[in-house]
Structures are given as C-alpha cells and as structure tokens.
Amino acid sequence: MPHLIIEYTANLKEETDMMELLKKMNDSLLSHSTIIPIGGLRTRAIEIKDYLIADGAEDDAFVHATLKLGGGRTEEEKKLLCDDLFATIKDHFIDLYEKRYLALSLELHEFTNPTYKQNNIHARYKKE
C-alpha cells in the first residue's frame, strides 16, 4: 500500500512537467520490487493554489512529497526508498532550483494502526 503524494505550488505548473516527475518517482519506487508491491502503488500530484511561503515577499515555490507505507519494512529499506526518491526529486528540479527560490522536501509516514483496504489489482501481477 505505498502511496506517494506530491504537493506543489501552482507557480511551478508552467515551469516543470509534473507528469514526468510522477513517472520518475513511480519508476524509482518500482525499482525496489522486493520492497514495493506494484499493485498497491499509488502516485499522485496535487497542485496547491492557495499558499504562503516565508514572508510572501517573493515568488517562492515548494514541492513536498509524502510517502505513506504500511509497516513491515526495515529501517534500511525505508532509508533506501527515501534516499532514492529524494535524489529523483532533486534531479528533476536541478535546473529550476538554480533559477528560482524553491524548497524541496520528502517525508515518510508509516502507518502504525491497521488500514482498511480492498484491492484486486494485485491479482493481475500474481498471474505473471
């Protein structure tokens, strides 16, 4: 049940390809097939239209990613996932970071309580 949610400020919409970032982030997670079940992966981006950054004096921007995972992964596995994801974010925005004020961040949220879910997508990958 890995879910990756990318929030980004609307002032970035014309300056970067968010679908390309989603694909890169999804690929980064899928490269860890022993840790990430493909049928449970959900990657999405949410444009934030109402925001205020710092003192509001500049046209600042941010990208914040949240990786939500169920329990059961080791600390080393979680670090590997997050290191790779954050490197992907930094690489995607490397040129833009040099041109404008931009804050990049990633957090990991691991569920400690049971989650309620029903998903028949996994079955498609078990057939292979």
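In the predicted model, Tyr51 sits in the loop that links β2 and β3. Tyr51 is partly exposed, with a relative accessibility of 30%. That value falls between the 20% limit for buried residues and the 50% limit for exposed ones. Setting aside residues up to four places away in sequence, Tyr51 touches Thr9, Ala10, Asn11, Asp60 and Phe62. With Asn11 there is also a polar contact, side chain to side chain, at 3.4 Å. Leu85 follows Tyr51 by 34 residues along the chain, and 24 Å separates the two C-alpha atoms. Leu85 itself belongs to the buried residues of helix α2.

The chain as a whole contains four helices and four strands. Read from the N terminus, the order of elements is β-α-β-β-α-α-β-α. The C-alpha atoms occupy a box of roughly 50 × 30 × 25 Å along the principal axes. Of the 128 residues, 37% are buried. Contacts with a sequence separation of 6 or more are dominated by distant pairs: 81% of them join residues 24 or more positions apart.

The four strands form an open sheet with mixed pairing, in the order β2-β1-β3-β4. Its edges are β2 (42-48) and β4 (102-110), each of which pairs on one side only. On average, neighbouring strands are turned by 15 degrees against each other, with direction ignored. Strands in a sheet pair through backbone hydrogen bonds, in parallel or antiparallel fashion. The β3 and β4 strands run parallel and are joined by nine bridges. In one of these pairings, Leu69 has Glu110 of β4 as its bridge partner.

Thr66 is part of β3, which spans residues 61-69. Its relative accessible area is 9%, so Thr66 counts as buried. The limit for that class is under 20%. Beyond neighbours within four places in sequence, Thr66 is in contact with His3, Leu4, Ile5, Glu107 and His109. The side chains of Thr66 and Glu107 also form a polar contact of 3.2 Å.

Two helices lie across the sheet strands. Helix α1 (residues 18-30) crosses β1 (3-9), β2 and β3, and runs at about 150 degrees to β1. Helix α2 (residues 75-92) lies across β1, β3 and β4. The angle between α2 and β4 is about 160 degrees.

Helix α2 has 18 residues. From first to last C-alpha it reaches 26 Å, close to the 26 Å expected at 1.5 Å a residue. Its buried residues are Lys78, Leu81, Cys82, Leu85, Thr88, Ile89 and His92. These residues cover an arc of only 125 degrees around the axis, and therefore lie on the same side of α2. An α-helix has 3.6 residues a turn, so positions three or four apart point the same way. The cover over the buried residues of α2 includes β1, α1, β3, α3 (94-99) and β4. On the face turned away from the buried side, α2 carries the exposed residues Glu75, Glu76, Lys79 and Asp91.

How values were computed: Residues are numbered from 1 along each chain as its sequence is written. This is a predicted model: local features need pLDDT of at least 70, side-chain atom pairs count only at pLDDT 80 or more; totals for chains, interfaces and linings use all residues. Side-chain values use heavy atoms; hydrogens and water are left out. Buried means under 20% relative accessible area, exposed over 50%, partly exposed in between (1.4 Å probe, protein chains only). A polar contact is a pair of N or O atoms within 3.5 Å; within protein, one must be able to donate a hydrogen and the other to accept it, and residues adjacent in sequence count only if both atoms are side-chain atoms. Contact means heavy atoms within 4.5 Å. Two strands pair if DSSP finds at least two bridges between them. Axes are lines fitted to C-alpha atoms, for helices over the stretch in contact, and angles run from 0 to 180 degrees between N-to-C directions. The expected span of a helix is 1.5 Å times one less than its number of residues. The arc is that of the directions from the helix axis to the C-beta atoms.
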